[in-house]
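User: I have a protein model open and want to go through its charged side chains. Can we take it step by step?

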Amino acid sequence: MSSFDDNDPMQFENTFAADFEPRCPILLLLDVSNSMEGEPHQQLQAGIGAFANYLQEDTLSKRRVEVGVCTFGDTSLEMYPFIQAIDFVPPKLTLRGTTPMGQALRHGLQALEERVKQYLDEGRT
């Protein structure tokens, strides 16, 4: 597996598996503002790692869960396309700026709505 670089939002291709398993999109909204410096940042990194390990160890999750990542800090949002759980590698987060949480939540909800629409357009549940 390759590493996840939060400076390269195009590193993952947006693909579906060739099967018709139901899908469950999970979007991680990750605060990478300077307020996360120190222990909160370490705990966030550890939590994402534990999440990735769980998904990759669970037989059903590996086939059905897709993970997207939206980081927010300073005035910027970075969105990484949804990827199957089996391919998800925890991001190495770089802290920056302030916390635009409202903007991140709106962006995240829009991303989930678009992904669910893709599922429906392809006849998935």
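User: Which side chain does the side chain of Arg115 make a polar contact with?
Analyst: The partner is the side chain of Glu66, at 2.9 Å. Bear in mind that this is a predicted model.

User: Where is Arg115 found?
Analyst: Arg115 belongs to helix α3, which covers residues 101-121.

User: Is Arg115 buried or exposed?
Analyst: Buried, because its relative accessibility is 2% and the cut-off for buried is under 20%.

User: Back to Glu66. Which residue forms a salt bridge with Glu66?
Analyst: Arg23 does, and the closest N and O atoms of that pair are 3.9 Å apart. Arg23 sits in the loop between β1 and β2, while Glu66 is in strand β3 (residues 65-73), so the pair ties together parts that lie 43 residues apart in sequence.

User: Are those two buried or exposed?
Analyst: Arg23 and Glu66 are both buried.

User: How many salt bridges does the count come to?
Analyst: Seven. Another one of them joins the side chains of Arg63 and Glu21, with 3.1 Å from N to O. That pair also links distant parts of the chain: Arg63 is in helix α2 (residues 59-64) and Glu21 is in the loop between β1 (4-5) and β2 (24-31), 42 residues apart.

User: What about burial for Arg63 and Glu21?
Analyst: Arg63 has 35% relative accessibility, so it counts as partly exposed. Glu21 is buried, since its relative accessible area is 18% and the limit is 20%.

User: Got another salt bridge for me?
Analyst: Arg124 and Glu122 meet through their side chains, at 3.7 Å from N to O. Arg124 is buried at 5% relative accessibility, whereas Glu122 is partly exposed at 40%.

User: Which residues do salt bridges with shared partners join into one network?
Analyst: Glu21, Arg63 and Arg64.

User: New topic. What pLDDT does the protein average?
Analyst: The average is 84, and 84% of the residues score at least 70.

User: Which elements have the lowest and the highest mean pLDDT?
Analyst: Strand β1 has the lowest, at 44, and helix α1 (residues 39-57) has the highest, at 96. The pLDDT is below 50 over residues 1-15.

User: How many contacts does that stretch have in the model, beyond near neighbours in sequence?
Analyst: It has 39. Predicted coordinates should not be read in detail where pLDDT is low.

Methods:
Residues are numbered from 1 along each chain as its sequence is written. This is a predicted model: local features need pLDDT of at least 70, side-chain atom pairs count only at pLDDT 80 or more; totals for chains, interfaces and linings use all residues. Side-chain values use heavy atoms; hydrogens and water are left out. A salt bridge is a side-chain nitrogen of Lys or Arg within 4 Å of a carboxyl oxygen of Asp or Glu. Helices (H or I, at least four residues) and strands (E, at least two) are DSSP runs, numbered from the N terminus. Buried means under 20% relative accessible area, exposed over 50%, partly exposed in between (1.4 Å probe, protein chains only). pLDDT is the predictor's confidence in each residue, from 0 to 100. Contact means heavy atoms within 4.5 Å. A polar contact is a pair of N or O atoms within 3.5 Å; within protein, one must be able to donate a hydrogen and the other to accept it, and residues adjacent in sequence count only if both atoms are side-chain atoms.
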